[in-house]
Amino acid sequence: MEDENEKKPVKRSTLSEQDILNRVTVGLSKSQNFTASDIEQKRVAGLRLYKREPFPGDKRVEGRSSYVTSDALDNTEWLLANLMALFDSQDRVVQFSPNGPEDEALAEQQTDVVNFVVTQGNNHALVLHDWLKNGLIGGLGIVTAAYYREKTWKPAKLLEGVATNQLIELASSDRHEILEAGEPYSAPGMEMIPGIEVRDLKVREARIRSRVQLHTLPVEDFFVSADASFDYGSGGISAALQGYKRTLPRAELLEMGYDAAKVAKIPSAASDPSDYSQERNRDQGHNDGTGDVEEEVEVYEVFMRIDANGDGVRELLHLTIGGAPSGGSVLLGQEEVEYAPFAAFVPYMMPNTLNGMSVGDLVGKDQRLKSMFIRGINDNLQQVLRPQRIVAGDGVNIDDLLNSGPDDIIRVTNKDALDYNTTPFVGQQAFGMLQMLDQSIEHRTGVGPNLMGVDANALQNTTATASSQRQTMSQLRVELMARMFAETGYRYLFRIVTSLLMANAEDTKDLTLRLRNAWVPYGTDQWDPDLDIKTNITFGITDKPQKVAAANALLQMQFTAIKEGSGLSDMGKVYNTLAVFTENSGFKNVERFWNDPAKMQQPAGPPQGQQPDPAAQAEQAKMQAEMQKMQIELQMKQAQHQAEMEMERERHEHRLQLEWMKFEAQQAMRQQEIGAETQLKGMQIMSQQNIQPQIRDVE
C-alpha cells in the first residue's frame with residue numbers, strides 16, 4: 001500500500017499572476033541592489049577616467065595644477081578602432097558551416113539572410129560602436145534584439161466598379177482598409193441581368209515592414225543576478241534572473257495592446273537617475289530618465305526560469321512588469337521563450353562571473369600617477385617661469401610691484417631691496433618615469449602610439465610567417481579580447497537573430513526570396529545553430545598580400561585537380577577561393593566579378609576526362625524521374641484546372657443565354673398583352689361614341 005502511494009504523481013498547482021509577481025519582485029529587487037552597488041561605482045569611475053574628470057580632492061587645492069592625462073580615453077579609442085576593424089570590415093560577418101553535404105544549400109541560405117539582417121537591415125557599425133564602447137569604458141556592454149512588425153498606410157485611392165466578391169476580399173484583408181463605400185449599381189453593359197451589382201470604394205493599402213532590430217542598451221538599465229556568468233555552450237548570459245528597465249508613456253502601453261485596467265494601476269515614473277547616467281549626461285545636458293511631455297511609467301522586462309504551469313519543469317519566461325518592485329507593480333504579460341535576448345561584451349573577462357574589468361580598471365592607477373607627475377612638472381615649471389619675489393621693507397614701491405607687466409617699471413630706493421627666489425627645474429627627472437608608465441600601459445592593453453594594429457590572423461589558423469609579423473607580444477591581449485568576444489556575445493547575437501527569424505517563418509521566406517530569388521525549405525530541426533549548423537565567425541583585416549598569394553597558389557592546385565579528374569575539387573570550391581582572393585584584394589561584392597555556380601544551371605553531363613559515378617548517375621536518374629513525375633502531375637493538374645474553368649465558363653454562358661431567352665420571352669408576352677389591351681380599349685371607345693347622342697348647332 002505504501003508503494004502504491006509512493007508511485008502516485010504529486011499534484012502541482014499552477015501559479016497565479018500574484019504568485020509569479022511575488023517571486024519575481026524579490027529576485028528583481030536583489031538584482032537591482034547588486035547591480036547598483038559596487039558594479040555601478042566601478043562603471044562611474046571608469047567613465048570619469050575616460051572623461052578626464054578631476055580627481056577627488058582637487059577642488060580643495062588652489063593655485064596648483066589639476067591636469068589629468070588621457071590614458072583611459074586614448075586606450076579606449078585605440079582598442080575600439082582595432083575591434084571595429086576586425087568585426088566590421090567585410091560583408092559576411094558570420095558564416096554558417098554545414099556538417100554534411102545535405103546542409104550546404106541551407107547553410108548558404110542562412111548565411112546570406114542573417115548577414116543581411118545584421119549588417120544591412122541594421123546599422124551594424126553604429127550598434128557595434130556603442131556596444132564595444134560601453135564595455136571598454138564600464139566593463140560591460142549589452143545588445144538586445146527584437147522582432148518588429150510595423151504597419152503604415154499608403155494614401156487612399158478610389159476604386160470604381162468593385163464586384164461583390166472583390167469587396168468581400170478587401171474587407172477581410174489585413175493589408176487594406178475600406179474608408180468609404182458607395183451605393184450599389186448595375187455593372188456597365190449588364191443592366192439587363194438582375195443581381196450583378198458593383199460599388200465604388202475609397203480604399204487605402206497598408207505597407208507592412210517586418211524586421212529584426214538590434215539595440216544597444218544603456219548599461220545602467222540592465223540588471224542581472226549575482227550568480228551571472230557566461231554560458232559555455234551558447235556564449236550568452238547564464239543567470240537566475242536578467243532583464244532591463246525602460247521608461248515609456250502610459251499611452252504607448254495601451255497602443256501595444258496591454259490591458260487598460262492593469263496599465264491604469266502602474267504608478268507614475270519618478271525622477272531617480274543612476275549615478276552613471278548623471279555622469280554621462282553631465283556635459284551633454286542632464287537627463288533624469290523621465291519625459292516632460294506626457295505621463296510615463298517604468299516597465300521591467302524580466303527573463304527568469306519559473307515553473308508556472310506546475311509540470312515540474314522550470315520554463316524560461318519573459319515577464320513584463322509595470323512599476324518598480326518596491327511597490328505597486330503589475331504583471332502585464334508573460335510568455336515562454338527560448339533565449340534571453342541579451343548579448344554581452346566584457347573586454348577583460350574574469351572566470352565564472354560576468355563582471356570583468358574595464359580599460360579604466362587597467363590604466364586607472366597609472367593614469368592617476370602620471371597625472372600627479374605631470375602636475376608636479378607643471379607646478380615646477382611655473383615656479384621657474386614666475387619665481388617668488390623677495391621685498392626688503394619700504395625699499396620697493398608695492399603698487400608698482402603688484403601691477404607690473406613685462407615692460408613696466410618698478411621703483412625702488414635700494415637696488416638690493418628687490419630679489420627673486422630662483423627655483424631650479426627638476427621636472428626632467430620625471431620624464432623617465434613617465435616613459436616607463438607609457439610602456440607599461442601599452443603592454444597591458446596591447447594598443448598605443450608605439451604599437452601597430454592587431455593582426456587578425458591570430459583569430460583564425462595562423463602560420464609561423466603571420467605570427468612573426470607581430471610587432472610585439474602585447475598585441476596578444478587585443479587578439480584575446482577579440483576572440484573571447486567572438487565566442488561569447490557576438491556569436492550569441494546571431495543565435496538570437498536566427499531564433500527570431502525561425503519564429504517568423506513566413507516573413508523570413510519573403511525576405512529570402514527578395515534576397516536570393518530562391519528558397520530552401522526548412523523544418524523544426526534546421527535553421528538552428530545549436531543543432532545541424534554551427535556558427536563560424538569570420539574577420540576582415542588580415543595579412544592581405546599573404547592571403548592573396550595563398551589563394552593564388554590554392555587556385556592553381558584546384559585547377560590541376562579538376563583537370564586530372566581526381567574529384568578533389570570542383571567549380572564551387574574554385575568560386576570560394578576566388579571570393580577570398582577578391583575580398584582580400586579590396587573588393588567586397590564578390591558577385592560583381594564572379595558567378596556563383598550554386599546559383600547557375602549546371603550542365604547535364606560530367607566534365608571531360610572524368611568517369612561518371614554509377615551511384616551519382618543513379619541518383620541523378622532518380623531525381624530526373626521524380627522531376628518528370630512532378631511535371632506530369634503538374635501538367636495534369638493544370639489540364640484539369642483548365643477543363644474545370646472551361647466547364648464553368650460554359651455553364652456561365654448557358655445561364656446567361658437562358659436568362660436572355662427568358663427576358664426576350666417576357667418582352668414578347670408583354671408586347672402581346674399591350675396590343676390586346678390597346679385593341680380592347682379602342683373597341684370600348686368606339687362603342688361609347690356610337691351610343692352618345694349627336695349634338696348639332698341650331699340654325
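**Notebook: helix H10 patch and the H3/H12 pair**

I began with valine 384 and found that this residue lies in helix H10, which covers residues 359–385. I keep in mind throughout that the structure is a predicted model.

Next I looked up how open valine 384 is to the surface, and its relative accessibility came to 31%. I entered valine 384 as partly exposed, because that class runs between the buried limit of under 20% and the exposed limit of over 50%.

I then asked which residues make a nonpolar surface patch with Val384. The partners are Leu381 and Leu385, and the patch made by these residues together with Val384 has an area of about 240 Å².

For the chain as a whole, I noted 18 helices and 17 strands in the secondary structure. I also noted that the chain has 699 residues, of which 35% count as buried, and that about 43000 Å² is exposed, with carbon and sulfur atoms supplying 52% of that area. Turning to contacts between residues at least 6 apart in sequence, I found that 69% of them join residues at least 24 apart.

My last entry concerns a pair of helices, H3 (residues 71–87) and H12 (residues 431–445), which pack with their axes 11 Å apart and at an angle of about 35 degrees. I recorded the crossing of H3 and H12 as right-handed. Looking for the residues that meet there, I listed Asp71, Asn75 and Leu79 on the H3 side, and Asp438, Ile441 and Thr445 on the H12 side.

Conventions. Residues are numbered from 1 along each chain as its sequence is written. This is a predicted model: local features need pLDDT of at least 70, side-chain atom pairs count only at pLDDT 80 or more; totals for chains, interfaces and linings use all residues. Side-chain values use heavy atoms; hydrogens and water are left out. Patches are made of residues with over 30% relative accessible area and no salt bridge: like charges are joined within 9 Å, nonpolar side chains (Val, Leu, Ile, Met, Phe, Trp, Tyr) within 5 Å. Accessible areas come from the Shrake-Rupley method with a 1.4 Å probe; for residues, only the protein chains shown count as cover. A salt bridge is a side-chain nitrogen of Lys or Arg within 4 Å of a carboxyl oxygen of Asp or Glu. Helices (H or I, at least four residues) and strands (E, at least two) are DSSP runs, numbered from the N terminus. Buried means under 20% relative accessible area, exposed over 50%, partly exposed in between (1.4 Å probe, protein chains only). Contact means heavy atoms within 4.5 Å. Axes are lines fitted to C-alpha atoms, for helices over the stretch in contact, and angles run from 0 to 180 degrees between N-to-C directions. A crossing is left-handed if the near helix is turned anticlockwise from the far one by less than a right angle, and right-handed if clockwise.
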